2 protein chains.
Amino acid sequence: MSVYLHDIPLPEAQARLRQALQDAGLWTVLGAETIPLDENALGRVTAQPVWAKISSPHYHASAMDGFAVRAIATHGALPSKPVTLEIGSEAQYVDTGDPLPDWANAVIPIENVESLDELGKITTEIRTPLSIRIRASVPPWSHVRPLGEDIVATQLVLPAGHVLRPVDLGAIAAAGYQEIEVARRPRVAIIPTGTELVPIGSKLKPGDILEYNSLVLAAQIESMGGEPTRYPITKDDFDTICERVQEAAQEHDLILLNAGSSAGAEDFSAKVVQRLGTLLVHGVAVRPGHPVILGLINRQSKFVNRKSKEEISTAHASTWPLRDSAQREMIPIVGVPGYPVSAALTVDIFVEPLMAQWLGRRQNELQTESATLTRKIVSPPGDDDFVRVALGMVGDKLLAAPLSRGAGVITSLVQADGLALIPRGAQGLEAGEQVTVHMYRTRAEIERTIFCIGSHDLTLDLLSQFLTEHDRRLASANVGSQGGLVALRRGEAHLAGSHLLNPETGEYNISYIRQYMPNIPVKVIALVGRDQGLMVKHGNPKGVRNLEDLTKLDVQFVNRQRGAGTRVLLDYHLNLMTIQPERIVGYDQEEYTHLGVAAAIASGRADCGLGIAAAAQALDLEFIPLFQERYDLVIPKQFAEGELLAPLIDLLADHRFQQAVSQLRGYDVSVMGKIILED
Amino acid sequence: MSVYLHDIPLPEAQARLRQALQDAGLWTVLGAETIPLDENALGRVTAQPVWAKISSPHYHASAMDGFAVRAIATHGALPSKPVTLEIGSEAQYVDTGDPLPDWANAVIPIENVESLDELGKITTEIRTPLSIRIRASVPPWSHVRPLGEDIVATQLVLPAGHVLRPVDLGAIAAAGYQEIEVARRPRVAIIPTGTELVPIGSKLKPGDILEYNSLVLAAQIESMGGEPTRYPITKDDFDTICERVQEAAQEHDLILLNAGSSAGAEDFSAKVVQRLGTLLVHGVAVRPGHPVILGLINRQSKFVNRKSKEEISTAHASTWPLRDSAQREMIPIVGVPGYPVSAALTVDIFVEPLMAQWLGRRQNELQTESATLTRKIVSPPGDDDFVRVALGMVGDKLLAAPLSRGAGVITSLVQADGLALIPRGAQGLEAGEQVTVHMYRTRAEIERTIFCIGSHDLTLDLLSQFLTEHDRRLASANVGSQGGLVALRRGEAHLAGSHLLNPETGEYNISYIRQYMPNIPVKVIALVGRDQGLMVKHGNPKGVRNLEDLTKLDVQFVNRQRGAGTRVLLDYHLNLMTIQPERIVGYDQEEYTHLGVAAAIASGRADCGLGIAAAAQALDLEFIPLFQERYDLVIPKQFAEGELLAPLIDLLADHRFQQAVSQLRGYDVSVMGKIILED
C-alpha cells in the first residue's frame, strides 16, 4: 500500500471535508444537552432560541423607596397648596422593588413627602406616618417599573447559536429558566504518535522529541469549546495506531492523529485512514502545514484488532455515551503535521470551522489590519502562506516584521502579534508593501509595544520583563547594530541597541549614527558596559587564549553576522593584529545572536567564538575576557520624548532593574542611563 | 448608627480603594502556585518569568528525511560530475527529527540522492543502500535544525503576568518544564441579601425578586480569572449579614455583598462594613450604579456572632487555606447595588482592576470606536454616565443608538453592542454628535449587523433568529412606523418595518414614504398581512366588542404612541366613526410595543388596547379581530441591493421561515416577499 502526497489548494481541501461531512450527516450541530443555569454555562452555546417564559418585572414594582398613590389623587398639589393623603386608602409605603397595591399607579419618592402624625404635624417616623403631605402632582406610572419593563413573556431573549456571557445568564434567569439547552461539546481525541516522542519533563537524549503538541492541541480544542482527550504516546507501528484510532473513534466525534502525516518511512497516518475509512485529502497547499490528512473513519470498522472486538466493546460498554440523533457510522479524522507551528495552524484552519458547525456558533475570527512589511518575503506561489509577524506602531505606520519561518519554531508563534497571509498565486512581497495581517493582539496592545531592533543583548530580555510591569511590551528583533541604525533611518523601530566601535576614535556608535541616519535627531543613552571575550568549552580543549590562536587549523571558529557590533570589534582587533580573516577556519560561519554562538560551541559545532560573558554563562561555557565595550540605546528624538518610551527610560534609573542586570556576569551598570548624545 | 450616601467622583473612589489596599499590603499579586502543565493551565497567569531550562532542539536535528553528510565531502559535485559517498563513514540515513551523527554537518534530502547497491547500481532500497551518489554540493548546516533553533537555554520564553494561550503551553514544555508557576486565583465570595429575593426557578408571587445577580457576578469573576463562591440568599437582618460576611472573610480574598448598598430602611451593607471594618466609600458618581460601597473587613473582627466564635473557627478549621505571604488581616468588600445593570457594571469598574492586580496581569480592556449618536442623551453633569448602545454601520457611518437607560433592564446589557461614556461634566449629547464607545463586539460583528428601525412586529424576532443561521445579526429598535421612515431619511438604519395606512387611498406606506423620505429610492417588500384587533382579558369582563365600546367610562384603554401604525389605524377608524378621542379613557396612556399594550392589559393597568393577535396570544389575552393590515419592509435601494441584506431578502422566500411565521396566530404569509414598490 503506497501513499503519495498531492498538495491541493486550501479551499478545495476545506470543501472536500465539508462535502464528505454533509454526506455523512455530520455538518450540523452534534446534539444538545440541558445544563443547570450556573456559572459553568459561561461560554456554552445556546442550542435553541430562548423565548421568555415570564415577564420581568412580573408585577408593577416601585422603582424608589416612597409612597404608592393614585396619580389622580395628586392633581392640583402645589408648593403653596399641598395635598394630604391618608395612609391606607390613599397612600402606602413601599420599598424599592415592592409591588404596588392594586389601586395605585404611581410612587412618590420618600424625599418628596412630608410625613404627618395623628395631629397633622410633621413626624420623624417617616415610613410609618398616619398621613402624608405632598406639594407636587405626579403623572401616572412615575417611579414605577411596570410589568414587563425588562422582559415581556414570549419575547426573544437570545437566539440559538449564541455564546453565553455573564449578563446572558442573568437575562435567561430573568426570563424564567433555571436550566438552559446548549450544544453538547464535541469530544476530540488527540493521539500523539512517534517512536521518538517522550513525555514532557523526560530526561532527554539526542533524538528524543518532547511530545507537547498534544498539549497545545488539547488547549486549542478546549478554547474552541470542545472536550479534548489526550491519549498516551503511540509508537510508530501501523497495527497499534489502527487499534488506538479505532478505540478513540468509539468515544469521540473527531480524531486528531498527530504526526506521521507526511510520506516518510514511518508516516503511517494516511495508510491508517485508508485502512479504517476514507482518505479525502493528503497534502494541502498551505504553508506551514502542508502534509495535512483529512479523512473519515468507520466507527464499526471491519479492521480486526489484536485485542478481540468483544474485549474492546466490553471495555467501553459502561462509558458508551448516548448517541445523538442518528447512529453515526463515520467520524472525521485529521492527520496533523508534526512540526508544532504546522500542528497549531492546521487545527486553527481545519478544526475551528468544524467545531463552530458542531456547536452551532459563528467561527472565531481574527480582526485584520493592513500593515507595512519591513522585509521582503519570498513565498511559494502555489501555497497559501501564513507568515508570523511582530507588529509595531512606529509613528503612524503599522509595521509587520516577519518572524522565523521555521515550522519547528514554536516561539515564533508565541511572539507573533499576527499572521500575515501571502495568498496562493503571489510569489511573495517586497519590503514596504502592504500586507493583510490577522491580528493576535488588539490594536491597543500593539500601540503599547516598543519596537526595538538592532544588536542583541541579554539585558533586553530583562528589560522586557520589567516593562510588563509598566504596561509596555518590548518586541525586539535582532539584526545587528548596523541593521538597527538602518531600521531607525527607515522609521521602522522606536529604538536600536548598538555597540559599534569606531576603529579610528575608539568611540562607540556616534560616527555610525551620523553616517547611517543623518538628519535624524537622536538621543543616545548608555545601557551597559560589558565584557567581550572568547567562549570555549569547559577545560578549553583547544587551548585558545587570544585572537592569534584562532588561526590554528584545528580551531573551528563561529562568527557573528556582518554588521553586528561584535563582528566589527573582531575585525578591528584582527586588523590591529594584522591577522587575515581567511586564516580563521569558520570565519564565514555566521550566527545572529550571542546565544547562537554559544550554542554552536556547546554543541560541538565550533570550538570558540567571540561574544559576551552572559551568553557563555548561560550555556555553561568558559569565558576568556578580551575587551570591554559599551552597549547603547539609540533613540530618535521624537520617540525619546514620547509617552511610549518613558517607562523604558525611567527603568534605566531603577535600582531593581540595575541590580538584576548586575547579577548577570560580565556586565557593568555604572554607565547605565548616561546620556551619550542628545541632538 | 446612621448611614448617608455621598457620591464621590469615580477616579476618587478608585484611588481611595487602591490606597487602602496598598496600605494593607493587598495591592499586589496574592500568591503563586505550581500547577501541572496541561490544558487546565489555559488562561492562568504566569507568576514568574519563564526562562528556558533547556534548548530546543536540544541536539542538531535533521530537518528532512535524507542522508547526513559532511558538507565538505560534497564539494565539487555537479550533474555531470557526481560524488559517491559510502554509507557509514561518509553518509548515514536520517529521518526528520533524527540527530545528526557527530561527524556530520548537513543533510541531503532523500529525493536528491541516488541510492546504490554493492555493484554501484541504483537500487530501490533507497534507505538502506551501500553508498549514495549526489550531483550537487550542499553548504554546511543545510536541512539541519541546529541546537537552539527554537529556544536557547536561559532565554526568556514568557514574561511574568502573561495570560497563557495554547501555544504558550507548548513553548513552556519545549523549554523544559512540566509544571508552571501561576498566580493563584483570587477567591471571591458573593453574598446575595434581601428578604424579597427568591432563587431562580421559584414560583413567583408579586414582590418576589428572582435572585440572579449572584449568577452574573459569579460568571464575571470566573471570566476575570477568579474563583467565585455563591452564598445562599441572606435575609435583610443586620446580625445575620454580619455573620455571613465574617464567615466569608475567613475563606476569601474579596467579598461582594449584593444589594442593601443604598440608604433605605433595609439597606444594611454600609452599616455592616462599618461594624466589621472600615467604610471607605459610600456612593460613587457613576451611572448606573451610584450606591456603591467600598470598604475593608477585619478578618479577626471582634464582632460576636450568634454562634460562638469557637463554633465558627471549628467549622472552618479543616478548610482553612494556607495564607500567602503575610497573614493578612483585612480583606476588601464591595457593596454591589441591586439593579442588575448596576451590579454588573460595578463589578466591571471596581473589581476587574483588583483582579488584574491580584493576578499580576493587565486589566482587560475594551476597544473603543467613535460613533454618531442617533438620539439625544441627557446626562446628569456630576456623573460618569455609561449608556448602553446598539451599534450599526449604515453606509460608512458607525451609528450608536442608545438603549433603555433603566438600571433594572438587563436585556439592555444583553443587546448592547457597546457602552458609550458621557463623562462627568457633560450635560449629555445631542443627536448627531460623536461619542466614544467601548465595544462589546468587534467591528466585523457590527459590520454584519442589520439595523432595523420602525414599527415592531413579532416576526422580526423570528427573522432575527433565522438570520443568525446566515451570518447576520438583526438589531431592531422600535420607534413606530413614522419614526422608522424618518430614521431612513437620516441614513440611520438599513430598513424599516412600516404599516402606515393612507386614510384617503386605503393603501399602505407609499404616500408616507414619499412624504417622509422624498428623493430616496426605495424598495418596499411585503412582510406579512396581519390582524389588528382589540385585546381584552379572558372572559372580556367589560364586554368590549368594537371601537364604540371604548367610550364607555368604565373601560380603561391603553394606546400606542403617536407615529405608530396601529395608532394611525385607530385614529382613522375613530374618525370614520366620528368618535372623539377625548371620550376614550386612557387614550393618552401610551405604550411603545404591541407586547407593552398586552402586558398593560394582562396586569390590569388597562382593560383593552388595539394590537395584533400574536401579542394577545403571547400574554394569554382574548383577541377580537377588527381589521387586517399589511406590514411592509421599507429598504433604501442602496441597501436592498447590497450584500448585507441579501440573506434577509432571501429569507422572505424561505419555506421554513414562512412556516414559522404562519404558526403565529393572526398572520397571513401569502403576501410575503411581494414587491410593493421598486424605484
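In this predicted model, the loop of chain A that runs between strand S2 (50-51) and strand S3 (61-62) contains Pro57(A), and the peptide bond that joins Ser56(A) to this proline is cis, with omega at about -10 degrees. A second cis peptide bond is found in chain B, where Arg287(B) is joined to Pro288(B) with an omega of about -5 degrees. Pro288(B) likewise belongs to a loop, the one between strand S19 (286-287) and strand S20 (293-298) of chain B. Such bonds deserve a look in the backbone, because most peptide bonds are trans and most residues other than glycine have a negative phi.

The second half of that expectation leads to two further loop residues. Thr154(A), which is not a glycine, has a positive phi near 85 degrees, and Thr154(A) is placed in the loop between strand S10 (144-145) and strand S11 (156-158) of chain A. With a relative accessible area of 24%, Thr154(A) counts as partly exposed, because the buried class ends under 20% and the exposed class begins over 50%. In chain B, His143(B) also carries a positive phi, of about 55 degrees, although it is not a glycine. The loop that holds His143(B) lies between strand S9 (131-134) and strand S10 (144-145) of chain B, and the relative accessible area of His143(B), 34%, places this residue in the partly exposed class.

Turning from the backbone to the side chains, the count of aromatic pairs over all chains comes to six. One of them is formed by Phe466(B) and Phe657(B), whose ring centres are 5.3 Å apart and whose planes meet at 70 degrees, so the pair is edge-to-face, given that planes over 60 degrees apart fall in that class. This pair links distant parts of the chain, since Phe466(B) belongs to helix H10 (residues 458-468) of chain B and Phe657(B) to helix H18 (residues 655-662) of chain B, with their positions 191 residues apart. Both partners fall under the 20% limit for burial: Phe466(B) is buried with a relative accessible area of 8%, and Phe657(B) is buried at 0% relative accessibility.

Aromatic rings also meet charged side chains in this model. Arg605(A) lies over the face of Trp141(B), at 4.0 Å from the ring centre, so that a residue of chain A is set against a ring of chain B. Within chain B, the charged end of Lys53(B) sits over the ring of Tyr177(B), 4.7 Å from the centre of that ring.

Notes: Residues are numbered from 1 along each chain as its sequence is written. Chains are lettered from A and ligands numbered from 1 in the order in which they are written. This is a predicted model: local features need pLDDT of at least 70, side-chain atom pairs count only at pLDDT 80 or more; totals for chains, interfaces and linings use all residues. Side-chain values use heavy atoms; hydrogens and water are left out. Helices (H or I, at least four residues) and strands (E, at least two) are DSSP runs, numbered from the N terminus. Buried means under 20% relative accessible area, exposed over 50%, partly exposed in between (1.4 Å probe, protein chains only). Rings of Phe, Tyr and Trp (its six-membered ring) pair if their centres lie within 6.5 Å; planes under 30 degrees apart count as stacked, over 60 as edge-to-face and the rest as tilted. A charge sits over a ring if NZ of Lys or CZ of Arg is within 6 Å of the ring centre and within 35 degrees of the ring normal.
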